[in-house]
Amino acid sequence: MSTGLKIVATVCDQGATNVAAINKLKDETNRYCMHQNVENWYFGFLIEDVEIVPIFDPPHLLKCIRNNLMTKDVTFTYRGENLTASWSHIKTLYEFDKKNEVNGLRSLPSLKDEHIYPEKMHKMKVKLAAQVFSQRFAAILRLLVDYIPDNSLSEAKGTSEFLYFMDQVFDSVNGSSVKPDKSKTLRCAVSKSSAHVEFWNEAIGVFNSMKFVTKDGKLTTPPCVKNWAITLQPFKYIWGKLNTSFKFLLLRNMNTLESTFGAVRSHGVRNTNPTTIQFVSSLKTLLINNFSSIKSIGNCEITDTGDVLDNLKQFLTVNENTNPSTYFNDTN
């Protein structure tokens, strides 16, 4: 049975097992091309003669950049200027801003200790990194740099530029709408008229110039820096293949899907390797729980979820005379 979907890419984190699997698949594709006496022009790897492009999970890469910046300064070239960013500038601005909390005048009210201090940080939460690597944080920092001379953040221009750059990078791969917001032009679908490809070309150059500086002055390039560049290239490649057939490409991060799989594996009892029947059963239960817990969307109060659940009737019911193995091949 075919879903009719055509896989063009696969997304994973940069764990050693995943990287090894990708490299092995690429090696197999290269050997196949050599055996066929053809040039290997593929960006990804072949599975049953279909190219699949590997992409590293952008939220995971964002967290890794944040984790490195907490312990090491970063040097980079941005718009022709050699710059340095430091976590100490971020910490200083946060502590300045927090002093205004007693007056109710904080400029960054969403930021808390868990965003800044490693010992209080939930390092798996993407939003903690995204809220620091933000346009707002960068703008406030830049104001202090440009208009208040001789303060402790006078040298923080590089940090401001780095935060803004990372905010744009994450926006460009995490669009949630077809049309852009006026202040966030990259947080939208990729289209022929959008600025994504031009920005990605620039961003790849920035990542290629990026070096982290250890406490003893040594320059290092963590895998996440290289993998950001590796990930932006496939996005360009995929859009180049699809733009003749599609008007836009909406990129979303994988956190929602990852959370869904995690919820399925944790449903009832911890089951890290569910059978197909167990997976479908858990997914149905989670869907029902999710629908029944809906309270409101925006200013609209939802008073009756019956119609929505009725639409799931065919999905949620199986003819009692039907053998489940007709639909599911349980190989476990």
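Biologist: Let me get the terms right: helices here are DSSP runs of H or I with at least four residues, numbered from the N terminus. With that in hand, where does Ser134 lie?
Modeller: Ser134 sits in the loop between helix 5 (126–132) and helix 6 (135–147). Keep in mind that this is a predicted model.

Biologist: Sure. Is Ser134 buried or exposed?
Modeller: Ser134 counts as buried, because its relative accessibility is 11% and the cut-off for buried is under 20%.

Biologist: And what is Ser134 in contact with, leaving aside neighbours within four places in sequence?
Modeller: Its contacts are Leu163 and Asp167.

Biologist: Let's zoom out. How many helices and strands does the protein have?
Modeller: There are 13 helices and 11 strands. The protein has 332 residues, and buried ones make up 35% of them. Among contacts with a separation of 6 or more, 63% are between residues 24 or more positions apart.

Biologist: How about confidence, what is the mean pLDDT?
Modeller: The mean is 84, and 84% of the residues reach 70 or more.

Biologist: Where does pLDDT stay under 50?
Modeller: One stretch is residues 294–311, for which the model has nine contacts beyond four places in sequence. Another is residues 318–332, with 12 such contacts.

Biologist: Good to know. On to helix 1: how many residues does it have, and how far does it reach?
Modeller: Helix 1 covers residues 16–35, so to speak 20 residues, and spans 28 Å from its first C-alpha to its last, close to the 28 Å expected at 1.5 Å a residue.

Biologist: Which residues are buried in helix 1?
Modeller: Ile22, Thr29 and Cys33 are. They cover an arc of only 40 degrees around the axis, so they are on the same side of helix 1.

Biologist: What covers that buried side, and what does the face turned away from it carry?
Modeller: The cover includes strand 1 (9–12), strand 2 (45–47) and strand 3 (50–56). The face turned away carries the exposed residues Ala16, Thr17, Lys24, Arg31, Met34 and His35.

Biologist: And what follows helix 1?
Modeller: Asn37 does, and its phi is positive, near 60 degrees.

Biologist: Now the nonpolar core. Which residues touch the most other members of the largest one?
Modeller: That core has 66 residues, and Phe162, Phe165, Phe207 and Trp228 touch the most other members. Helix 9 gives the most to this core, with nine residues.

Biologist: Which residues does Phe165 touch, not counting those up to four places away in sequence?
Modeller: Phe165 touches Tyr78, Phe199, Ala203, Val206, Phe207 and Met210.

Biologist: Back to helix 9, then. How far does it reach, and which residues are buried in it?
Modeller: Helix 9 (residues 223–242) has 20 residues and reaches 29 Å from first C-alpha to last, close to the 28 Å expected. Its buried residues include Trp228, Leu232, Phe235, Ile238 and Trp239.

Biologist: Last topic, sheets. In what order do the four strands of the open sheet come?
Modeller: The order is 5-4-7-8, and the pairing is antiparallel. Strand 5 (81–85) and strand 8 (219–220) stand at the edges with a single partner strand each, so one side of each has no neighbour in the sheet.

Biologist: How many bridges join strand 7 and strand 8?
Modeller: Two bridges, in the antiparallel sense, with strand 7 made up of residues 211–213. One residue to look at is Phe212, whose bridge partner in strand 8 is Thr220.

Conventions:
Residues are numbered from 1 along each chain as its sequence is written. This is a predicted model: local features need pLDDT of at least 70, side-chain atom pairs count only at pLDDT 80 or more; totals for chains, interfaces and linings use all residues. Side-chain values use heavy atoms; hydrogens and water are left out. Two strands pair if DSSP finds at least two bridges between them. Buried means under 20% relative accessible area, exposed over 50%, partly exposed in between (1.4 Å probe, protein chains only). Contact means heavy atoms within 4.5 Å. The expected span of a helix is 1.5 Å times one less than its number of residues. A nonpolar core is a set of buried Ala, Val, Leu, Ile, Met, Phe, Trp, Tyr and Cys residues joined through side-chain atoms within 4.5 Å. pLDDT is the predictor's confidence in each residue, from 0 to 100. The arc is that of the directions from the helix axis to the C-beta atoms.
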